[in-house]
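I opened this notebook to keep a record of what I looked up, beginning with single residues and ending with the chain as a whole. What can I read from the structure, step by step?

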Amino acid sequence: GEELGTETTLLVTMDGDKTVRAVFTEIPAEYTLTVDIEGEGTVSINPETETYTAGTEVTLTAESSADWIFNSWTD
């Protein structure tokens with residue numbers, strides 16, 4: 001049906017029979033991290049695992065190859 005809003009509170013004016021659906025989306029418990037490299041260098045990931053539980057902090061460290069310098073992170 002038609003989206004009526006994304007706020008947790010919805011004001012409905014009763015001027016006839018109504019059916020309203022509250023839609024909830026599950027938060028994934030596990031996430032993956034993909035690091036792409038542009039140019040010449042490496043990125044170390046700590047901790048490095050296949051998936052991460054929500055809220056895990058991951059340290060990424062960039063190290064440039066010879067004749068290259070680290071410029072920036074982007075997403």
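Entry 1, valine 12. I looked up how much of this residue is open to its surroundings, and in this predicted model valine 12 has a relative accessible area of 34%. Since buried means under 20% and exposed means over 50%, I wrote valine 12 down as partly exposed. I then checked where the residue sits along the chain, and found valine 12 in the segment before strand S1, which covers 30-31. When I set aside the neighbours within four places in sequence, valine 12 turned out to be in contact with Lys18 and Val20. I also took a distance across the model: valine 12 and valine 43 are 31 residues apart along the chain, and their C-alpha atoms are separated by 52 Å.

Entry 2, glutamate 30. I next turned to strand S1, where glutamate 30 lies. Is glutamate 30 buried, exposed or partly exposed? Its relative accessible area is 42%, and I therefore noted glutamate 30 as partly exposed. Which residues are in contact with glutamate 30, once the neighbours within four places in sequence are left aside? I found Thr51, Tyr52 and Thr53. For one of these I could add a detail, as the side chains of glutamate 30 and threonine 51 are joined by a polar contact of 2.3 Å. I also looked up threonine 56, which is 26 residues from glutamate 30 along the chain, and the C-alpha atoms of the two are separated by 9.7 Å.

Entry 3, the whole protein. I went through the secondary structure and counted four strands and zero helices, so that the pattern read along the sequence is β-β-β-β. Why do I call the protein more spread out than a compact globule? The globule rule gives 11 Å for 75 residues, whereas the radius of gyration is 23 Å, well over that value, so the protein is more spread out than a compact globule. I compared this with the box filled by the C-alpha atoms, which is roughly 70 × 25 × 20 Å along the principal axes.

Entry 4, surface and contacts. I noted that buried residues make up 3% of the 75 residues, and that the accessible surface comes to about 7500 Å², with 48% of it belonging to carbon and sulfur atoms. Lastly, among the contacts with a separation of 6 or more, I found that 21% are accounted for by residues 24 or more positions apart.

Methods:
Residues numbered from 1 in each chain as written. Predicted model: local features only at pLDDT ≥ 70, side-chain atom pairs only at ≥ 80, totals over all residues. Heavy atoms only, no water. Rg over C-alpha atoms; globule rule 2.2 N^0.38 Å. Buried < 20%, exposed > 50% of the residue type's maximum accessible area, 1.4 Å probe, protein only. Contact = heavy atoms within 4.5 Å. Areas by Shrake-Rupley, 256 points an atom, 1.4 Å probe, with all protein chains shown as cover. Polar contact = N/O pair within 3.5 Å; in protein donor to acceptor, adjacent residues only side chain to side chain.
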